[in-house]
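Please open the model in your viewer and keep the selection tool at hand. We will walk through it stop by stop.

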Amino acid sequence: VTVARDDELYALARSRGTLRWQETLGRLPDAPAVQIGDWVYAPLAGGGIRRVAANPRQATVARAAVAPAPKRSAKQGARGRKAKETPVAPRPVSADSLVPRTFDGGGRLAGRPQPFGDGVLWHTGDGLIVVLVPTDLGWERHEFPLQSPAADAPRVEEKAAFAATAAGILLRVD
């Protein structure tokens with residue numbers, strides 16, 4: 001559970017209510033922080049958004065998982081060779097994933113950030129949708145101007161977002 005007080009963001013253990021970590025935002029929050037995947041996103045006054053690792057104490061290096069040995073068929077019998085364990089490539093962990101980072105929000109955020117596939121989506125009061133998505137090389141930022149302020153928060157369904165504008169336009173972002 002995340003709670004902001006002044007320019008501090010606190011993460012509390014849901015089961016006990018004890019403090020897990022604390023982060024200085026540098027500015028006052030503009031809306032409640034929200035956890036999306038491995039990160040907590042805190043909208044900031046003046047149009048920024050602060051990303052903090054949801055678990056900053058996690059290991060920075062992913063350990064290789066080991067695939068289980070394949071089962072032997074009845075034809076192999078008891079004297080069959082033992083299969084070697086094959087390492088499975090771990091999902092890459094970004095080196096900067098534990099480092100708090102402040103992004104340009106593209107304007108004053110008009111609502112809470114929302115999950116968008118493996119990334120995050122937010123929209124501004126001026127009618128801009130911003131999407132951050134992870135790639136093999138880091139994060140990509142995509143901006144979609146609506147040409148008019150959004151009538152309400154975009155509706156997100158996994159990797160597609162639908163936004164209606166005050167001018168009566170419906171837009172789909174994939």
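The tour starts with the whole chain, moves to a sheet and one of its residues, and ends at a loop.

**Stop 1: the whole chain**

Show the cartoon first, and bear in mind that this is a predicted model. You should find 16 strands and zero helices in the protein chain. Now colour by accessibility: of the 174 residues, 32% are buried. Switching to a surface view, you are looking at about 11300 Å² of exposed area, with carbon and sulfur atoms supplying 51% of it. If you draw the contacts with a sequence separation of 6 or more, 36% of them link residues 24 or more positions apart.

**Stop 2: the sheet S1-S2-S3**

Select strands S1, S2 and S3. These three strands form an open, antiparallel sheet in the order S1-S2-S3. Which strands stand at the edges? They are S1 (2-5) and S3 (19-24); each has a single partner strand, so one side of each is left without a neighbour in the sheet. Look along the sheet to see the turn between neighbouring strands, which averages 20° with direction ignored.

Next, hide S3 for a moment and keep S1 and S2. Four bridges join this pair in the antiparallel sense. Click on Arg5, and opposite this residue you will see Glu8 in S2.

**Stop 3: Tyr10**

Bring S3 back and select Tyr10, which lies in strand S2 (residues 8-12). Is Tyr10 buried, partly exposed or exposed? Its relative accessibility is 21%, and because buried means under 20%, Tyr10 counts as partly exposed.

Now show what surrounds the residue. Leaving aside residues up to four places away in sequence, Tyr10 touches Val1, Thr2, Val3 and Arg5, and also Leu19, Trp21 and Gln22. For a distance to check, pick the C-alpha atoms of Tyr10 and Gln22: they are separated by 4.5 Å, although the two residues are 12 apart along the chain.

**Stop 4: Glu158**

Finally, move to Glu158. Where does Glu158 sit? Look in the loop between strand S14 (155-157) and strand S15 (160-164). With a relative accessible area of 70%, Glu158 is exposed, whereas Tyr10 at the previous stop is partly exposed.

Show the contacts here too. Beyond residues up to four places away in sequence, Glu158 touches Phe116 and Gly117. To close, draw a C-alpha to C-alpha distance from Glu158 to Gly119: it spans 9.8 Å, for residues 39 apart in sequence.

Notes: Residues numbered from 1 in each chain as written. Predicted model: local features only at pLDDT ≥ 70, side-chain atom pairs only at ≥ 80, totals over all residues. Heavy atoms only, no water. Helix = DSSP H or I, 4+ residues; strand = E, 2+ residues; numbered from the N terminus. Buried < 20%, exposed > 50% of the residue type's maximum accessible area, 1.4 Å probe, protein only. Contact = heavy atoms within 4.5 Å. Areas by Shrake-Rupley, 256 points an atom, 1.4 Å probe, with all protein chains shown as cover. Pairing = 2+ DSSP bridges. Axes fitted to C-alpha atoms, helices over the stretch in contact; angles between N-to-C directions.
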